[in-house]
Amino acid sequence: MSNCRSAFLLPICLLLFSIPFVHAESKGGTPPAVSRTVLKNGLSVILVEENKAPVVTFQVWYKVGSRNERIGKTGLSHLLEHMMFKGTSLHGKGEFSRIVAKNGGTENAFTGNDYTAYFENFAANQIDLSLELESDRMQNLLIDPTEFGLEMEVVKEERRSRTDDDPYSSLVETLYATAFLVHPYHNPIIGWMDDINDLSRDDAYQHYKQYYQPNNATVVIAGDFKSETLLPKVVALFEKIPQGVNPNPKMPIEPPQRGERRAIVKREAQLPYIFMGFHTPNYKNPDTYPLSVLAGILSSGKSSRLYKALVYQQQLALDAGGQYEDLTTDPDLFYFYGTPRPGVSLEAVEAALNAEIKRLQADKVTDTELTKVQNQIEASFVFGADSNFARAMQIGRAETVGAGYDYVTHYVENIRKVTADDIQRVAQEYLIEDQKSVGMLIPKPKKEF
Amino acid sequence: MRFYACLLIFLFISVESQPAFAEIKPKQIVMKNGLTILLIEQHSLPIVSVEALIKSGSVDDPFDRAGVANLTASLLDEGTQKRSSTQIAEEIDFIGASLGASADLDYTSVNLRVLKKDIERGFDLLSDLLLNPLFDVKEMERVRRLILGSILSGKDDPTTIASLAFDNIVFGNHPYKNPVIGLEESVQKIGRDDIVSFYQNHYLPKNTLFSIVGDVTEKEAVALVKKYFSEWKNVSPKPVLARNIASPTIQPKKTELIEKDLTQTTVLIGHLGISRKNPDFYPVIVMNYILGGGGFSSRLLTHIRDNKGLVYSAYSSFDANRQPGAFEISLQTKASNTNEAISATLQEINQILKDGVTETELMEAKAYLIGSFPLRLETTGKLAGLLSKVGFHELGLAYFSDYPKYIEKVTREDILRVAKTYLRPDQMTLVVVGNLAEAKVKELP
């Protein structure tokens with residue numbers, strides 16, 4: 001999940017976060033040249049040479065997100081992301097976007113639980129601009145109090161349209177707050193409305209000083225360039241930024257869940273909705289690969305189990321799916337969702353989802369099913385290589401959450417090793433009632449005026 | 001989950017194109033049965049993207065049967081004479097490909113993305129879907145219920161509600177007033193006969209363009225199309241519709257306020273715009289970019305978002321279709337700020353009408369539109385999509401190298417002239433969805 005500076009970017013984020021993050025040597029494709037360099041000040045620089053089109057993507061990922069916030073100050077990372085466009089000692093308010101646009105670039109930023117990232121996409125000959133602008137705002141941000149006040153209003157509008165006025169997002173927000181009691185995945189990335197109101201300019205500036213350090217960031221550049229000419233330019237502009245103190249925030253430890261939890265949201269809506277999550281390990285546990293394949297078995301394509309059972313055969317749901325989050329700093333949820341068809345109850349959809357989980361625990365998936373999902377993951381890697389932006393996203397995210405770009409490079413071969421036994425075992429181990437939180441959206445009749 | 005509306009927004013801001021890619025020269029091959037192939041070879045990755053574009057869409061829906069084009073497209077992969085719905089899904093998924101059909105206002109597209117090694121299978125499936133759909137009644141009823149469910153869930157989305165009302169006013173009796181998906185009443189009325197006759201009249205080789213991009217040579221592409229599509233004949237009870245639908249005309253302005261219990265209001269302001277063939281298309285695109293066409297530096301975002309903090313998103317668009325589409329400004333704001341946001345928007349329109357744009361604004365807009373062109377062509381899928389629109393609107397095979405010239409030619413005088421021609425503050429339709437008691441919307445001046 002991710003919040004963006006602009007609604008225009010939302011689809012990109014969601015698409016990218018919903019495809020498997022894969023990247024490896026493709027059969028028939030030329031393996032991209034990937035190199036990682038750590039500068040003297042601790043900044044990681046990853047260069048991915050891909051000369052198939054004269055374009056380039058620059059991204060800088062900071063290891064800070066809603067995970068680094070506490071109740072009372074939630075939404076701080078995201079609001080700071082907005083402020084990063086409001087001026088430095090070198091470039092005034094709005095200049096950043098204007099300079100990028102008039103050089104034919106597109107730019108934006110997004111905040112997640114575990115990261116805040118900024119990017120520009122350019123024709124290949126404009127990459128120097130990114131280096132200049134991003135090295136500037138890594139160290140020289142000014143946060144003007146008036147601008148801060150205005151941007152807070154913009155973010156409140158963002159929250160209203162994304163969450164407060166959207167029944168489905170409201171339910172998801174409530175479910176995460178139920179599944180995580182003390183770990184900050186409890187909080188929405190955009191922040192609770194009352195917290196946003198209470199954020200101050202000094203909070204944002206302090207957050208910037210604490211987390212926007214070269215040693216807490218990764219630069220990823222993918223596209224049409226030569227590393228031997230580009231790397232010295234990166235070094236020249238970024239290495240002079242002084243290394244900061246490593247931010248090492250204490251993370252509250254989530255107590256083990258001991259029993260199913262339920263959350264209900266009642267509000268005006270046309271259709272009910274169910275969203276349920278199970279605590280699962282992340283990339284740090286080798287079970288991450290069978291869990292990823294399991295998610296594919298459940299919802300990758302129209303032949304996947306949930307679509308076939310709930311939408312096609314039993315005709316209970318308008319849509320249904322299951323998704324696993326592997327590239328997160330701390331363990332997150334494996335979640336299921338479904339929208340009942342008009343006239344079908346939430347309970348019927350919940351029972352059908354549970355029946356599919358039981359089936360996975362009782363019987364092994366077939367060889368054909370397993371091979372199909374492995375093929376899908378491998379193909380989506382090759383398709384993903386078509387876009388520098390998508391490729392840089394995978395690497396940037398893997399580096400930032402601590403998995404390293406190797407996770408991405410070896411992903412397909414690890415997925416190929418998964419067996420039907422593994423899938424049955426992880427279904428039995430993690431998709432269990434005591435680890436489950438169930439959220440239900442129950443429509444209320446329209447308010448009379 | 002529920003992100004379809006967002007995808008639509010994204011399409012709106014994909015601005016028109018430009019150079020640096022002057023070397024992109026599509027080839028055009030017309031087959032014996034009239035099927036046109038547009039081809040761009042790209043051999044750096046083992047991928048092929050195909051967009052099959054049938055030049056008929058929801059604009060061709062029969063009167064009072066809005067949704068036929070969409071239901072027809074939705075049924076293509078739900079069973080053919082050779083494969084059941086389930087078999088089709090299994091085969092596509094097994095090779096990690098994607099294959100799906102969707103209708104739009106003017107056309108229907110079937111998109112295939114496949115690894116090079118599976119290209120035979122991909123074409124076999126594409127051909128089966130296009131040539132042999134069964135339109136089985138059971139599948140039709142099932143898909144109809146899914147579509148009705150989507151229409152119902154659209155009632156939770158203020159932008160969908162506002163667009164429906166807005167299009168209904170702005171397009172008068174023209175079929176562009178209807179959403180592609182259809183209306184609750186019309187979708188219920190569609191019979192199998194409607195689907196079969198839409199298919200027979202429109203899904204014809206001479207009414208179809210194949211845009212093929214990726215790791216395939218001209219020889220291979222032609223051989224594949226011959227092998228899988230030479231059986232496709234131009235037989236039809238009636239000839240392809242001559243498209244004699246009269247263009248939409250400017251309708252009297254109207255204000256429509258729709259009550260919904262929300263914290264924000266969703267506001268749409270606008271009127272009829274231009275067609276893609278309008279000779280002023282390029283100056284209009286440049287003007288709209290400056291006014292509110294997507295970039296963070298547009299006048300609307302600068303003044304309404306950055307300087308006033310009233311909105312998170314606000315943009316203007318000209319939906320230039322085969323016939324004139326809408327010019328609309330869309331924004332969402334806290335209910336009590338509605339009037340302030342509307343009047344700030346109108347002020348921007350009046351400003352551009354009165355003084356046009358500055359030399360700097362013009363220069364920067366052109367630089368963006370020209371300089372960002374290569375980004376629009378990065379992937380095979382994006383390129384196949386753009387190429388088939390180039391074919392559909394008959395923009396010419398030199399489009400990829402000519403586009404910068406069209407943009408470069410635009411002057412400040414052009415912008416002032418097209419602003420005065422295509423922005424009509426006295427004819428603005430206004431739609432507001434939200435908490436009306438709090439919004440207290442004033443009539444437009």
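**Entry 1: His271(B)**

I began with His271(B), which is buried in this predicted model, with a relative accessible area of 3%. I located His271(B) in strand β8 of chain B, a strand that covers residues 264-272. Looking for a polar partner of its side chain, I found that a polar atom there lies 2.9 Å from the backbone nitrogen of Arg424(B). I then listed what His271(B) is in contact with once neighbours within four places in sequence are left aside, and the list includes Phe166(B), Val170(B), Ala326(B) and Phe327(B). Arg424(B) is also on that list, together with Tyr422(B), Leu423(B), Gln427(B) and Met428(B).

**Entry 2: helix α8 of chain B**

Which residues of helix α8 (residues 192-202) of chain B are buried? I noted Asp194(B), Ile195(B), Phe198(B), Tyr199(B), Asn201(B) and His202(B). When I followed these buried residues outward, I found them packing against strand β3 (47-54) and against the helices α2 (68-75), α4, α5 and α7 (184-189) of chain B.

**Entry 3: two residues with positive phi**

I next turned to backbone angles, keeping in mind that most residues other than glycine have a negative phi. Phe135(B) is not a glycine, yet I read a positive phi of about 55 degrees for it. Phe135(B) sits in the loop between α4 (119-131) and α5 (137-153) of chain B, and with a relative accessible area of 4% Phe135(B) is buried.

Glu394(B), again not a glycine, also has a positive phi of about 55 degrees. I placed Glu394(B) in the loop between α15 (380-392) and α16 (399-409) of chain B. Is Glu394(B) buried or exposed? Its relative accessibility is 58%, so I entered Glu394(B) as exposed.

**Entry 4: salt bridges within a chain**

Side chains of opposite charge can pair when their charged atoms come close. I searched the whole structure for such pairs and obtained 63 salt bridges over all chains, of which I wrote up a few.

In chain A, I looked at Lys156(A) and Glu153(A), whose closest N and O atoms are 3.2 Å apart in a salt bridge. The two residues are separated by about one helical turn, because they are three residues apart in helix α5 of chain A. I noted that Lys156(A) is buried at a relative accessible area of 9%, whereas Glu153(A) counts as partly exposed at 27% relative accessibility.

In chain B, I found a salt bridge between the side chains of Glu120(B) and Lys227(B), at 3.0 Å from N to O. This pair links distant parts of the chain, with Glu120(B) in helix α4 and Lys227(B) in helix α9 (residues 218-229), 107 residues apart. Glu120(B) is partly exposed, with a relative accessible area of 38%, and Lys227(B) is exposed, with 54%.

I then took up Glu184(B) and Lys155(B), whose side chains meet in a salt bridge at 2.9 Å, N to O. Glu184(B) belongs to helix α7 and Lys155(B) to the loop between α5 and α6 (158-170) of chain B, so the pair ties together parts 29 residues apart in sequence. I recorded both as partly exposed, Glu184(B) with a relative accessible area of 34% and Lys155(B) with 33%.

**Entry 5: where chain A meets chain B**

I asked how many residues of each chain are in contact with the other chain. The count came to 86 residues of chain A and 72 residues of chain B. The area buried between the two chains is about 6,900 Å², and carbon and sulfur atoms give 61% of it.

For charged pairs across this interface, I found nine salt bridges. I also looked up Lys372(A) and Glu90(B), which form a salt bridge with their closest N and O atoms 3.9 Å apart. Counting polar contacts across the interface, I obtained 26 residue pairs. On the side of chain A that touches chain B, helix α5 (residues 145-164) of chain A gives the most, with 11 residues. That side of chain A divides into 35 nonpolar, 25 polar and 26 charged residues. I also noted a network of salt bridges that links Lys302(A) with Asp77(B), Glu78(B), Glu139(B) and Arg142(B).

**Entry 6: confidence**

I closed with the confidence of chain A, where pLDDT averages 92 and 92% of the residues score at least 70. Over residues 7-29 of chain A, however, pLDDT stays under 50, and for this stretch the model has 74 contacts beyond four places in sequence. Where pLDDT is low, the predicted coordinates should not be read in detail.

Notes. Residues numbered from 1 in each chain as written. Chains lettered and ligands numbered in written order. Predicted model: local features only at pLDDT ≥ 70, side-chain atom pairs only at ≥ 80, totals over all residues. Heavy atoms only, no water. Contact = heavy atoms within 4.5 Å. Buried area = accessible area lost by both parts, 1.4 Å probe. Salt bridge = Lys/Arg side-chain N within 4 Å of Asp/Glu carboxyl O. Polar contact = N/O pair within 3.5 Å; in protein donor to acceptor, adjacent residues only side chain to side chain. Helix = DSSP H or I, 4+ residues; strand = E, 2+ residues; numbered from the N terminus. Nonpolar A, V, L, I, M, F, W, Y, C, P; charged D, E, K, R; others polar. pLDDT = per-residue confidence, 0-100. Buried < 20%, exposed > 50% of the residue type's maximum accessible area, 1.4 Å probe, protein only.
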